[in-house]
Number of protein chains: 2
Amino acid sequence: MIKAYIDVTLKKSILDPQGTAVKKGLEKLSLYTEDVRIGKHIEVLLKEDKIEAAREKIDEMCRRLLVNFEVETYSVRFEVIE
Amino acid sequence: MIKAYIDVTLKKSILDPQGTAVKKGLEKLSLYTEDVRIGKHIEVLLKEDKIEAAREKIDEMCRRLLVNFEVETYSVRFEVIE
């Protein structure tokens, strides 16, 4: 089996009010940052055993359901699970 | 500067209704998975230039605001930004 770790984030050009709110919350705790961006982390366990096949399936899942390409982008990492 | 990529996920023992809903949504598109888990992806840009200092700060941020340790766990990756 293969586990996919997908990170879906807002495109850089898109304002991130959630990230801004967290940045301010951290500042109240005297924890200062240059920038904070919030996105979705999706872990998908697949029965595929080849990374290329898993990548194709994950790309289709992102295209059809998981990612709104108008405002979001995504990156994915794979782990082979014995 | 250093960029931290934090993935906050529900502990394995905790039921994930959001993940179950996405799994079912994918099945309606004939995209079958063994399991789907949904979490938060947080990207934090820090002015620190040493990874150890950045790690300490990120761990404190997670302890004090970003992670609910009753039900969540987290992992973090670092990238040095020139």
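Buried means under 20% relative accessible area, exposed over 50%, and partly exposed in between (1.4 Å probe, protein chains only). This is a predicted model, where local features need pLDDT of at least 70 and side-chain atom pairs count only at pLDDT 80 or more, while totals for chains, interfaces and linings use all residues. Residues are numbered from 1 along each chain as its sequence is written, chains are lettered from A in the order in which they are written, and side-chain values use heavy atoms, leaving out hydrogens and water.

**Exercise 1.** Find which residues of helix 2 of chain B are buried, and where they sit around the helix.

*Solution.* Step 1: the buried residues are B:Ala54, B:Lys57, B:Ile58, B:Met61, B:Cys62 and B:Leu66. Step 2: seen down the helix axis, they fall within an arc of 140° (taken from the directions from the axis to the C-beta atoms), so they line one face of the helix. Step 3: turn to the other side, where B:Glu52, B:Glu56 and B:Arg63 are exposed.

**Exercise 2.** Work out which strands the salt bridge between B:Lys40 and B:Glu72 ties together.

*Solution.* Step 1: a salt bridge needs a side-chain nitrogen of Lys or Arg within 4 Å of a carboxyl oxygen of Asp or Glu; here the N to O distance is 3.5 Å. Step 2: B:Lys40 lies in strand 2 of chain B and B:Glu72 in strand 3, so the pair joins parts 32 residues apart in sequence. (Strands are DSSP runs of E, at least two residues; helices are runs of H or I, at least four; both are numbered from the N terminus.) Step 3: check the surroundings: B:Glu72 is buried at 14%, whereas B:Lys40 is partly exposed at 32%.
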